[in-house]
Amino acid sequence: MTTHVAGQRLPTAPPRSVLWALATMESRRFARHPLFLLGVALTALATVSYVLTDPVDVGLMAQPILPAFTLGVFGLVVADRLTRSTAPILDELGGTPVPERTRTAALAVACLVPVAVASVWTVFMLTYFWSNRPVPQAWWYDTLPAGDIISFYVAAAVVAAYGGSILGVVIGRWVHWPGAPLVAAVLLVAVTIPGSGIVEGFRPYRQIMPWTTWYGGDNGAGADYYYPGNPRWWLAYTICLCILGVLAALLHDRDQPRRRPITTGVVTGLVALGLCAASMTTGPQETRISPPVLHPEQVP
Amino acid sequence: MLRYSVRVLPVPTLLAGALGAATLLGLVHLRPAQLLQAAGLAVAAVGATASRLFDEPAAALVDTLPRPLRWRTVARLLPTGLLALLWVIGASVVDTQGVGRPDVLRLQGVGTILAAAAVTTVLRRRGQPVPGLAVASTILLVTTFLVLLNPFDRFLPFFPYGPSGDWAASRWLWAVIVAVAAAALATSCLEGIRWRFTGHPSVHPNTRG
């Protein structure tokens, strides 16, 4: 792919080594950002506190909200800051030979840093509580298909960590107001609260949200809800949302051809709609209630 | 001073914060049982807004002018007070239907606003011209974390829920935060003033600003 500039044919795509060099640099910046480190510390603190609680909370299916927030929403702000941070320097220098699209792609790769932490957390939770399950009748391996549990954990923790961060890159590229990531963070959490199944009328359609849950908490009678829908299709849907985020961030560079990312985006969007519909229409179609879930010390 | 306060008022930031908090409190008013956590989000939003009120992008210039930083900081406390007043009114109007406690809600907002103002003014005195964005990000994220996932809820109930919540402990906790933040803010604003036995403060020439 080439572009004509002042009568010369210049390569628009730099060598791959430039992308990886930039990606490595941006990943280091991401990993050293104070807010990211704070998010990791809060993740560790809350996880240790949860594991050490005796008796352990039976709501294991509710736990992915922790990395989704401490890595995803924190990642949103961090990625936005990293994206904006180079603009003043580039203004002073008068530009850079590396196209914006390559720099954005490097940031998209750097967003894998919180994914790595979220993956470690997910593997730990899924394996630690394999043997240390709270009570047999709780919503966990004994009562749900393992594929559903793993899909939900990967989507709601690992993919959410990437989704929040890539949303930060999108905002950093497209919105000039520096307060935008904070407003986006509040909005994201605000729509997630009612969208996580607590509003009964919206429950069958909640999978359209970028983050939701299948666990309904203690209903006061010692039993827990398990919401309808298929977490496996929802996992694929959230991955599509992340791809759309990457494409939206890449599209900001107007000096590069846009037809291919737009076509890819339209196709991905259609696939995402299909996957979302599949997540709503397959799997259990009614809210299930567990048998009474009592902690060992609550049993008479 | 009033004219200065009005001129430096970051209207878009203040409007965004106030409207955001009002919307979130409105959601709580509609469905308190399901959406009480939105009140905590509103607390985070007003705290983040308060920390943006002390930014001085032109600090390199205004620091050389006769008005000292202390004077400018005190002037910027007026919009902060306005934000706190709006919060108190909003938190008093919202009906939590027994799921929340209006007095604790008022304390939560005022405490967060004062803490944000105290941290930002301290950083501003240490030479950072625009500390607001970093402080706003930290306050917003940490407060929201405490709303959603406080791992020490049993010992430090920042945002209790329902009739079984430890509201008395939460009330004390936020009262302490309000007191400490107010003291830190006052100390930051009064730093550099020498108090004489006559009771009239004077400014040491080397500590102006």
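Biologist: How do α7 and α9 of chain A pack, at what angle and how far apart are the axes?
Modeller: In this predicted model, helix α7 (residues 146-174) and helix α9 (residues 231-250) of chain A pack at an angle of about 15 degrees, with axes 9 Å apart. Axes are lines fitted to C-alpha atoms, for helices over the stretch in contact, and angles run from 0 to 180 degrees between N-to-C directions. Helices (H or I, at least four residues) and strands (E, at least two) are DSSP runs, numbered from the N terminus.

Biologist: Parallel or antiparallel?
Modeller: α7(A) and α9(A) are roughly parallel. Angles under 35 degrees count as roughly parallel, over 145 as roughly antiparallel, 65 to 115 as roughly perpendicular and the rest as oblique.

Biologist: What residues make up that contact, by class?
Modeller: In the contact of α7(A) with α9(A) there are 18 nonpolar, five polar and three charged residues. Ala, Val, Leu, Ile, Met, Phe, Trp, Tyr, Cys and Pro count as nonpolar, Asp, Glu, Lys and Arg as charged, and the others, Gly among them, as polar.

Biologist: Anything I should know about numbering and confidence?
Modeller: Residues are numbered from 1 along each chain as its sequence is written, while chains are lettered from A and ligands numbered from 1 in the order in which they are written. Local features need pLDDT of at least 70, side-chain atom pairs count only at pLDDT 80 or more, and totals for chains, interfaces and linings use all residues.

Biologist: Switching to the interface. How many residues does each chain give?
Modeller: Chain B gives 23 residues and chain A gives 25. Two residues are in contact if their C-beta atoms, placed from the backbone, lie within 7 Å.

Biologist: Which elements of chain B give two or more residues?
Modeller: They are α2 (11-30), α3 (32-35), α4 (37-51) and α8 (132-149) of chain B. The largest share, 10 residues, comes from α8(B).

Biologist: And how many of chain B's residues there are charged?
Modeller: None; the side of chain B that touches chain A has 16 nonpolar and seven polar residues.

Biologist: What secondary structure does each chain have?
Modeller: Chain B has nine helices and two strands, running α-α-α-α-α-α-α-α-α-β-β from the N terminus. Chain A has 10 helices and five strands.

Biologist: What boxes do the C-alpha atoms fill?
Modeller: Along the principal axes, roughly 55 × 40 × 30 Å for chain B and roughly 85 × 40 × 30 Å for chain A.
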